[in-house]
Amino acid sequence: MQFCQPLYSVLNILILVCLTFAQRDVEPNQDVYTIEGRVFPPDGPISNSWYSQTRILANGGEFIGILRKDNSFVINNVPTGSYVIEVVNPTFAYEPVRVEINSKGKLRARKVNYIQTSTVDPVAYPLALTPLARHRYFQVREQWRATDFLYSPMVLMMVLPLVIIMILPKVMNDPETRKEMEHLNSLTRYDMPEMSEMLTSFFTGGEKQKVKAPRKKKIQ
C-alpha cells in the first residue's frame, strides 16, 4: 500500500502535464486568466472514483480542469473570450455555465441559453455547480397496470353501452327529467318538407304543373 501512494502521485503529475500540453497554444504576449469554482458531490456517500471520473471542460475540452479533494477546481491559462464550463461525470448530470472574460480581466458568469443567446441570467462567481439528476442510459420497462386494461378502447366500447342501458331508464322515469326532454324535443322540431316535393320543385324550376281539365264535347 505504501508503494502505491508514490505511484498514484506520479500518475497525477503526468496527467496534469499531458493536459497542459493538450490545451491550445496561447500567444506569448496575450494575457491569461484563471477560472475557479467548486463542484458539489451528490447527496450520500461517494467513492474515490467520483473524483477521478469527474472532469471540468471549457468549450468541450479546449481547456480542462481537474477536481481536487476539497471539491474545488481551477482552469489555468485561459485568455479573454466566452467559455462554456461543463462538469463531465458518467453518473450525474450538471448544468453548464457560461463564463465571459473581457479585455480588462473581469469575469462574469451566466446560465447557458442556446435558444436566446442575448438573454443574461447571472450566476454567482466563483462557480458553485450542483448535480441535477442521474444519467439515464436505459429506458425503464413499462409495467402492466389495471388502468391500462380499463382505459383500452375495446373495453370502453363494451362497458359504456351497458352503463347507458342501465342508467337511461332510471333517468327517464323521473317526471321532471321527462318534461325537460319533451321540452327540448319541441324546441328542436322542424317542419321539414318531403323529399319528393323538394326534388319536384328543383327539377321543374319551382313551378307546379297545372293539370288540364278535359273539355266537354258540345252536343249538337
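Start with the contacts across the whole chain: of those with a separation of 6 or more, 57% join residues 24 or more positions apart. You're looking at a predicted model, with six helices and eleven strands. Of the 220 residues, 20% are buried. The protein exposes about 18,600 Å², and carbon and sulfur atoms supply 60% of that.

**Stop 1: Val-39**

Select residues 33–39 to light up strand β1, then pick out Val-39 in it. Is Val-39 buried or exposed? It's buried, because its relative accessible area is 0% and the cut-off for buried is under 20%. Now show what surrounds it. Leaving aside residues up to four places away in sequence, Val-39 touches Trp-50, Ile-56, Leu-67, Asn-71, Phe-73, Val-87, Tyr-94 and Leu-129. Try a distance too: from the C-alpha of Val-39 to that of Asp-70 you should get 9.1 Å, although 31 residues separate them in sequence.

**Stop 2: Asn-71**

Stay with one of those partners, Asn-71, which touches Val-39. You'll find Asn-71 in the loop between β3 and β4 (72–78). Asn-71 counts as buried because its relative accessibility is 14%. Check its backbone as well: phi is positive, about 70°, though Asn-71 is not a glycine. Most residues other than glycine have a negative phi.

**Stop 3: Asn-59**

Next, jump to the loop between β2 (55–58) and β3 (63–66), and select Asn-59. Here's another non-glycine with a positive phi, about 55°. Asn-59 has a relative accessible area of 31%, so it is partly exposed.

**Stop 4: Tyr-125 and Pro-126**

Which way round is the peptide bond from Tyr-125 to Pro-126, cis or trans? Zoom in and you'll see that it's cis, with omega near 5°. Most peptide bonds are trans. Pro-126 sits in the loop between β9 (122–123) and β10 (127–129).

**Stop 5: helix α4**

Finally, select residues 153–172, which form helix α4, and find Met-158 there. Met-158 counts as exposed because its relative accessibility is 55%, and the cut-off for exposed is over 50%. Add Val-159, Val-163, Met-166 and Ile-167 to the selection: together with Met-158, they make a nonpolar surface patch of about 480 Å².

Now switch the selection to residues 149–169, where an unreviewed UniProt entry places a "transmembrane region". In the model, that stretch is 90% helix and 0% strand. Draw a line between its end C-alpha atoms and you'll get 28 Å.

Terms used
Residues are numbered from 1 along each chain as its sequence is written. This is a predicted model: local features need pLDDT of at least 70, side-chain atom pairs count only at pLDDT 80 or more; totals for chains, interfaces and linings use all residues. Side-chain values use heavy atoms; hydrogens and water are left out. Patches are made of residues with over 30% relative accessible area and no salt bridge: like charges are joined within 9 Å, nonpolar side chains (Val, Leu, Ile, Met, Phe, Trp, Tyr) within 5 Å. Accessible areas come from the Shrake-Rupley method with a 1.4 Å probe; for residues, only the protein chains shown count as cover. A salt bridge is a side-chain nitrogen of Lys or Arg within 4 Å of a carboxyl oxygen of Asp or Glu. Helices (H or I, at least four residues) and strands (E, at least two) are DSSP runs, numbered from the N terminus. Buried means under 20% relative accessible area, exposed over 50%, partly exposed in between (1.4 Å probe, protein chains only). Contact means heavy atoms within 4.5 Å. UniProt positions are given in the numbering used here, feature names are shortened, and annotations may be inferred rather than shown by experiment.
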